[in-house]
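Reader: I have a new structure open and would like to learn how to read it. Could you walk me through its features one at a time?

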Amino acid sequence: MSPAGAWARKVEFLLMEELDTGLVRRSRRTVRDGRVLLDTRDAPDVWPTGYHVGEVPLDDDAPATDAGFWLARAGLDVGVPRRLIAEARLACWLQAYVDNDRGEPFVGHAAASWEDERHTMARLDVAYVLPGVPAGVRRALARLAVHEVAEAGALGVVTAIDVPELREPGFGPADGGGLVLHTMSGA
């Protein structure tokens, strides 16, 4: 591919992502006192250099058992997100991959679900990267999953995943075990 073609393709993907999200996902998030505060200024990417994190595209016409088949081929367990799709509880599903022209290999994923019918409490169910992938990729997956559910209205996120990478996005010990993060929208 020519340099001009590569540039055009990159711009095409950027515009597609920005327009698909309604231009709202580029705000900064700050964790203060265990709460996520939103800032409307443009935010830098939060994933490590050499990697990219994005949404797992879902096809409403395809069965849940086919969702994320490329992640399963890469050696990632997609059982939990598929179950959440089938139960209509999936809040978000993200994938991480090496940032190159092919957009692969896939190296990790994260999934969050809704804990209540009003969608005020979410659960981070999966935050996994393959062995040898920097811990910062799992941190980015978890952080972006929290941002996704916070933007969708979650007031809190709980998880049973207790790894050091989750402390930076603001998770802290929960009563009864696990971790919790309280969110709050603000300018």
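Reader: Let's start with strand pairing. In which sense do β6 and strand β7 pair, and over how many bridges?

Author: This is a predicted model, and in it β6 pairs with strand β7 (residues 156-159) in the parallel sense, over three bridges. To find one of these pairings on your screen, look for Arg-123, whose bridge partner in β7 is Val-158.

Reader: How does the chain get from β6 to β7?

Author: Follow the backbone from β6 and you pass through helix α4 (residues 135-151) before reaching β7. This β-α-β crossover is right-handed.

Reader: And on the other side, which strand pairs with β6 in the antiparallel sense?

Author: That is strand β5 (residues 106-114), which pairs with β6 (residues 121-129) over seven bridges. Here Gly-108 of the hairpin stands opposite Val-129 in β6. Six residues lie between the strands of this hairpin, and His-119 takes a positive phi near 60° there.

Reader: What other strands should I trace?

Author: Go on to β4, which pairs with β5 in the antiparallel sense, again with a count of seven bridges. Leu-90 has Ser-113 in β5 as its bridge partner. Strand β4 (residues 90-98) is also joined to β3 by five bridges, and those two run antiparallel. There His-52 is matched with Tyr-97 in β4.

Reader: How should I think about the side chains along such strands?

Author: As a general idea, side chains in a regular strand alternate between the two faces of the sheet. In this structure, you can then ask how covered each strand is. In β5, nine of its nine residues are buried, and in β3 four of its five residues are buried.

Reader: What happens with the nonpolar residues, and which of them touch the most other members of the largest nonpolar core?

Author: The general idea is that nonpolar side chains tend to be buried together in soluble globular proteins. In this model the largest nonpolar core has 43 residues, and the ones that touch the most other members are Val-53, Leu-71, Trp-93, Leu-124, Val-137, Leu-141 and Val-149. At least two residues of this core come from each of β3, α2, β4, β5, β6 and α4. Helix α4 supplies the largest share, eight residues.

Reader: Could we zoom in on one of those core residues? What does Leu-141 touch?

Author: Leaving out residues up to four places away in sequence, Leu-141 touches Val-53, Leu-94, Gln-95, Ala-96, Gly-108, His-109, Ala-110, Tyr-128 and Val-129.

Reader: Now for aromatic rings. How many aromatic pairs does a search of the whole structure find?

Author: A pair of rings is described by the distance of the centres and the angle of the planes. The search finds two aromatic pairs in this structure. One joins Phe-69 and Trp-70: the centres are 5.0 Å apart and the planes stand at 85°, so this pair is edge-to-face. Tyr-97 and Phe-106 form another edge-to-face pair, with 5.7 Å centre to centre and 70° between the planes.

Reader: Are the residues of these pairs buried or partly exposed?

Author: Tyr-97 and Phe-106 are both buried. Phe-69, with 39% relative accessibility, counts as partly exposed.

Reader: Let's try a loop residue. Where is Leu-58, and which residues is Leu-58 in contact with?

Author: Leu-58 sits in the loop between β3 (51-55) and α2 (69-73). Its relative accessible area is 42%, so Leu-58 is partly exposed. Apart from neighbours within four places in sequence, Leu-58 is in contact with Ala-67, Ile-85, Leu-90 and Trp-93. Take Trp-93: it is 35 residues apart from Leu-58 along the chain, yet their C-alpha atoms are separated by 9.1 Å.

Reader: Finally, what does the whole protein look like in numbers?

Author: There are four helices and nine strands, and from the N terminus on the elements run α-β-β-β-α-α-β-β-β-α-β-β-β. The protein has 187 residues, of which 42% count as buried. Among contacts with a separation of 6 or more, residues 24 or more positions apart account for 55%. The accessible surface comes to about 10,600 Å², and 53% of that belongs to carbon and sulfur atoms.

Note on methods: Residues numbered from 1 in each chain as written. Predicted model: local features only at pLDDT ≥ 70, side-chain atom pairs only at ≥ 80, totals over all residues. Heavy atoms only, no water. Buried < 20%, exposed > 50% of the residue type's maximum accessible area, 1.4 Å probe, protein only. Contact = heavy atoms within 4.5 Å. Phe/Tyr/Trp six-rings, centres within 6.5 Å; stacked < 30°, edge-to-face > 60°. Areas by Shrake-Rupley, 256 points an atom, 1.4 Å probe, with all protein chains shown as cover. Pairing = 2+ DSSP bridges. Right-handed = clockwise from strand over helix to strand, strands pointing away. Core = buried A, V, L, I, M, F, W, Y, C linked by side-chain atoms within 4.5 Å.
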